[in-house]
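Subject: Structure handover

Hello,

Here is the structure we talked about, for you to open beside this message. Notes on what turned up in it come after.

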Amino acid sequence: MKLVLVKQTDAKLELGTPEADAMRLFLFEMVRGATDKDQRAWSRFIRAINEASQGEYFQIDLKRTRNSAFHRLIFAVMTTVYAAQDLFDDFELLRAYLKIGAGFVSYIPDEVNGEWKAIPRSQNFEEASEEEVRDFFEKMCTFMRSATCCAALWPEAPIESSMEGMLKILSRFDHEAY
């Protein structure tokens, strides 16, 4: 996520004031760089904001460290559903179907008729944040429990049976632990 900040005034925090002490506590005690190099960069950034003039812009690229165990959970759920379903012969097509069903997509105009079409987004570590992937997983699970998804994945089965089967699959995974 990119965050753009603009300094609102020419004011600078003066050391030794109650305001500066509160800011120092927040900016340097509650939050610290993970390494000495990170801490020096953080200190330089805060100093640059304090010394900036009114109207100066700053851009921050924020990324929460991805949880690789949660990433593996998503693939375990998809793999288990893939092994049980009757529609797709290709795992990547199932992934695309689940991403589209969950709304984890970008839209582009169709090259033939210009109508907008959904293209599944990447969930790789470089392109999707932890928050985006967690939101995708919740929406994917909701979609997988839907009659629409279950009817598609098991076209020959009665809808009640396919939905019950999906619930059994999903109940095997405790995603709250991640």
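Below is what was found, going from the core to the salt bridges, then the surface patches and a few distances.

Please keep in mind that this is a predicted model.

Core

The largest nonpolar core has 28 residues. Val77, Leu98, Met140, Met144 and Leu153 are the ones with the most contacts inside this core. Five helices each supply at least two of its residues: H3 (68-84), H4 (91-102), H5 (130-144), H6 (147-153) and H7 (159-171). Helix H5 gives the most, with seven residues.

Salt bridges

Side chains of opposite charge can pair when their charged atoms come close. With the cut-off of 4 Å between nitrogen and oxygen, the count comes to nine salt bridges. Three of them are described here.

Asp61 and Lys2 meet through their side chains at 4.0 Å, N to O. Asp61 lies in strand E2 (residues 57-61) and Lys2 in strand E1 (residues 2-6), so this pair ties together parts that are 59 residues apart in sequence. Lys2 counts as exposed, at 56% relative accessibility, while Asp61 is partly exposed, with a relative accessible area of 46%.

Asp110 forms a salt bridge with Lys117, and their closest N and O atoms are 3.7 Å apart. Asp110 has 19% relative accessibility; it counts as buried because the limit for that class is under 20%. Its partner Lys117 is partly exposed, at 27%.

Arg134 and Glu130 form a salt bridge at 2.8 Å, N to O. Both residues lie in helix H5, four residues apart, which is about one turn of the helix. Glu130 is buried, with a relative accessible area of 1%, whereas Arg134 is partly exposed at 22%. Salt bridges with shared partners join Arg66, Glu130 and Arg134 into one network. Helix H5 therefore appears twice in these notes: it holds this pair and gives the most residues to the largest nonpolar core.Surface patches

Which residues form the positive patch on the surface? They are Lys37, Arg40, Arg44 and Arg47. Arg47 is found in helix H2, which covers residues 36-51. Arg47 is partly exposed, with a relative accessible area of 44%. Residues with over 30% relative accessible area and no salt bridge can belong to a patch, so at 44% Arg47 is above that area limit.

There is also a nonpolar patch on the surface, formed by Leu25, Phe26, Met30 and Val31. Together these residues have about 400 Å² of accessible area. Met30 has its place in helix H1 (residues 18-30). With 60% relative accessibility, Met30 counts as exposed, because the exposed class begins over 50%.

Distances and loops

The following distances run from C-alpha to C-alpha and may help when you pick out positions on screen.

Phe88 is found in the loop between H3 and H4. Is this loop residue buried or exposed? Phe88 is buried, with a relative accessible area of 17%. Phe88 and Ala22 are 66 residues apart in sequence, and 58 Å separates them in space.

Val112 is in the loop between strand E3 (105-109) and strand E4 (116-120). Val112 counts as exposed, at 74% relative accessibility. From Val112 to Leu25, a residue of the nonpolar patch, the distance in space is 58 Å, with their positions 87 residues apart in sequence.

Thr65 has its place in the loop between E2 and H3. Thr65 is exposed, with a relative accessible area of 69%. The C-alpha atoms of Thr65 and Asp110 are separated by 35 Å, and these two residues are 45 apart along the chain. Asp110 is also the partner of Lys117 in the salt bridge described above.

Thr79 is found in helix H3, one of the helices that supply residues to the largest nonpolar core. Thr79 is partly exposed, with a relative accessible area of 42%. Thr79 and Leu94 are 15 residues apart in sequence and 9.3 Å apart in space.

Regards

Conventions. Residues numbered from 1 in each chain as written. Predicted model: local features only at pLDDT ≥ 70, side-chain atom pairs only at ≥ 80, totals over all residues. Heavy atoms only, no water. Patch = residues over 30% accessible without salt bridge, like charges linked within 9 Å, V, L, I, M, F, W, Y side chains within 5 Å. Areas by Shrake-Rupley, 256 points an atom, 1.4 Å probe, with all protein chains shown as cover. Lys, Arg positive; Asp, Glu negative; His and termini not counted. Charge placed at Lys NZ, Arg CZ, Asp CG, Glu CD. Buried < 20%, exposed > 50% of the residue type's maximum accessible area, 1.4 Å probe, protein only. Core = buried A, V, L, I, M, F, W, Y, C linked by side-chain atoms within 4.5 Å.
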